[in-house]
Amino acid sequence: MTSSFIQIDGLDSVYVARRGKLSCVAFRLKTGDMCLYSPISGLGSVVANEMARLGHLSVLLAPNHYHNKGLQEHVALFPQATLVASAFAANRLKKVTGLDTSDLAVLRRVLPDTAQILEPEGLKTGEVWLQMQSGAEVAWIVTDACSAPHTKPGQFAENLTLLGTFPKYGIKDAEVYKAWVAEQISRHSPTLLIPCHGSPVRDPNMGTSLLHLLDTIP
């Protein structure tokens, strides 16, 4: 199934589209341009049509070195956009795709004041998250760390799960990762989580739910 970009209820200028089992997030920068988080293979024509509605696409974010299959397609479609990635993912992305990436500082300079980049510690894939705030809502956009059931476009799933491949392929040091997530929750406990694998989940007790999920990691 492929869906167009639908705004997330409760978040200004944050949209989610889906192709197959993967979701892609578009959000507005302080310049008025758009950024695409985790471009999905085969979604390029949808993105092109939607950017005519939402605004100029100026940044493509590769959120880790595994989510790379849609990068070449989107770079070709949007040659004016800057491809950014974590320094830890850059070499693997270059080897697999042949594409050069810019530092995350490029994105940091144009993020809205309500957003920030999070780089989880204890991982080995160069995964990048985004934290966005809108009033009392705190949203985390994540890649492989969590998953959720698929619902109809625009609807929320009821619960989060741990992506089955994440502990083996994503985590380098589980204790470091768990401590880092717990620290982030203590600062700004999320109420909304938008994973690349599945539908968004809203939960006023999301921080507690995430801590329970961490306990299942070997």
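W180 is buried, because its relative accessible area of 9% falls under the 20% limit (exposed means over 50%, partly exposed lies in between; 1.4 Å probe, protein chains only). The structure is a predicted model, in which local features need pLDDT of at least 70 and side-chain atom pairs count only at pLDDT 80 or more, while totals for chains, interfaces and linings use all residues. Residues are numbered from 1 along each chain as its sequence is written, and side-chain values use heavy atoms, with hydrogens and water left out.

A search of the whole structure gives four aromatic pairs; rings of Phe, Tyr and Trp (its six-membered ring) pair if their centres lie within 6.5 Å, with planes under 30 degrees apart counted as stacked, over 60 as edge-to-face and the rest as tilted. One of these pairs joins W129 and W180 edge-to-face, at 5.4 Å centre to centre and 70° between the planes. This pair links distant parts of the chain, as W129 sits in strand 8 and W180 in helix 6 (residues 174-187), 51 residues apart. Helices (H or I, at least four residues) and strands (E, at least two) are DSSP runs, numbered from the N terminus. W129 counts as buried because its relative accessibility is 2%. F166 and Y177 also form an edge-to-face pair, 5.6 Å centre to centre with 65° between the planes. Here again distant parts of the chain are linked: F166 belongs to helix 5 (residues 166-169) and Y177 to helix 6, 11 residues apart. Both F166 and Y177 are buried. Ring pairs bring W129, W140, F166, Y177 and W180 together in a cluster.

Some of these residues return in the nonpolar interior. A nonpolar core is a set of buried Ala, Val, Leu, Ile, Met, Phe, Trp, Tyr and Cys residues joined through side-chain atoms within 4.5 Å. The largest such core has 52 residues, and L107, W129, W140 and Y177 have the most contacts inside it. Strand 9 (residues 137-147) provides the largest share of this core, seven residues. A second, separate core has 24 residues, among them F5, C24, A81 and L83. Leaving aside neighbours within four places in sequence, Y177 is in contact (heavy atoms within 4.5 Å) with ten residues' worth of surroundings that include P120, W129, A145, F166 and L214.

W180 also leads to a polar neighbourhood. Not counting residues up to four places away in sequence, E119 touches S86, L104, R108, E127 and W180. The side chain of E119 makes a polar contact with the side chain of R108 at 3.2 Å; such a contact is a pair of N or O atoms within 3.5 Å, where within protein one must be able to donate a hydrogen and the other to accept it, and residues adjacent in sequence count only if both atoms are side-chain atoms. E119 is located in the loop between strand 7 (115-118) and strand 8 (129-134), and it counts as partly exposed because its relative accessibility is 30%.

Turning to the start of the chain, strand 1 (residues 2-7) runs antiparallel to strand 2, and four bridges join them; two strands pair if DSSP finds at least two bridges between them. T2 has R19 in strand 2 as its bridge partner. The two strands form a hairpin with six residues between them, and G10 in the turn has a positive phi of about 95°. S13 lies in the loop between strand 1 and strand 2, and has a positive phi of about 60° although it is not a glycine. Strand 2 (residues 14-19) is mostly covered, with five of its six residues buried. Strand 2 also pairs with strand 3 (residues 22-28), in the antiparallel sense over six bridges, and the partner of R19 in strand 3 is L22. In this second hairpin two residues lie between the strands, and G20 in the turn has a positive phi of about 65°.

Across the whole protein chain there are seven helices and 11 strands. Buried residues make up 55% of the 218 residues. The radius of gyration is 16 Å, which agrees with the value near 17 Å for a compact globule of 218 residues; this radius is taken over C-alpha atoms, and the globule rule is 2.2 Å times the number of residues to the power 0.38.
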